[in-house]
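Me: I have a chain open in front of me and would like a close look at a single helix pair in it. Could you set the scene briefly and then walk me through how the two pack?

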Amino acid sequence: MTSPSLSSIPFGVPFLDALASWWLSRAAGDPLRIADGIVLLPTRRAARGLTEAFLRQTDGKPVLLPRIVALGGLDEAKLALEGALDVPPSVPPTRRLAVLARLILAMGGRHGAPTASDQAWMLAEELAVLLDEAARAEVDLRAALPNAVGREFAEHWNVTLQFLGIVTEAWPAWLAEAGFFDVAARQIALLEAQ
């Protein structure tokens, strides 16, 4: 199980059971090969479900399982990752929203930014989602956003780009100064360390 592989599971087939069955078949009954590897799943619930699927596939017979990691719990897990200590901590979620909201309010209503704190907070939540999705998709927002729309929207898009300077300029500068990683960016860095 040392080399990465790509497979698909047909629609309608129970995902976790199919994954456990495939993993066991690739190990060809060798208990050390079964335990050799890491399975990344989106949630802790899925990780628990995969453990149960392995039990179903082996009829309850104990086996050494591969390392099963929930991506959603990566920051909280006490992982013994090589190089993980070199990765700065992630910014606490509430602090991230507070700083993003402050950056929005600092625009003073320019470029479509709201001036009310409750609206700034809601927009900060949306910017946080954008940052996380971009990090997980490994998209450099600074490079991708300028060319994201056609010329027919150029005038309006330029105003939007000025506003999005929060996520392309101000937010990265704040993270660097404060010594934090963004949440999803840290997860990616931990996975790369793994």
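Reply: Happy to! Of the 194 residues in this chain, 35% count as buried. Please keep in mind that the model is predicted. The accessible surface of the chain comes to about 12,100 Å², and carbon and sulfur atoms account for 57% of that.

Now for the layout. The chain has eight helices and two strands, and along the sequence these follow the pattern α-α-β-α-β-α-α-α-α-α. If you take contacts between residues at least 6 apart in sequence, 68% of them join residues at least 24 apart.

The pair to zoom in on is H4, residues 93–105, and H7, residues 154–178. Two packed helices are described by the angle between their axes and by the distance between those axes. For H4 and H7 the angle is about 125 degrees, and the axes lie 10 Å apart. An angle of 125 degrees falls outside the 65 to 115 range for roughly perpendicular and is not over 145, the cut-off for roughly antiparallel, so H4 and H7 are oblique to each other. Their crossing is right-handed.

Which residues of H4 and H7 meet? From H4 come Arg95, Arg96, Val99, Leu100, Arg102, Leu103 and Ile104. Facing them, H7 brings Phe163, Ile166, Ala170, Trp171 and Trp174. By class, this contact of H4 with H7 has nine nonpolar residues, three charged ones and no polar ones. The charged residues are Arg95, Arg96 and Arg102, on the H4 side.

Terms used
Residues numbered from 1 in each chain as written. Predicted model: local features only at pLDDT ≥ 70, side-chain atom pairs only at ≥ 80, totals over all residues. Heavy atoms only, no water. Helix = DSSP H or I, 4+ residues; strand = E, 2+ residues; numbered from the N terminus. Buried < 20%, exposed > 50% of the residue type's maximum accessible area, 1.4 Å probe, protein only. Contact = heavy atoms within 4.5 Å. Areas by Shrake-Rupley, 256 points an atom, 1.4 Å probe, with all protein chains shown as cover. Axes fitted to C-alpha atoms, helices over the stretch in contact; angles between N-to-C directions. Parallel < 35°, antiparallel > 145°, perpendicular 65-115°, else oblique. Left-handed = near helix turned anticlockwise from the far one by under 90°.
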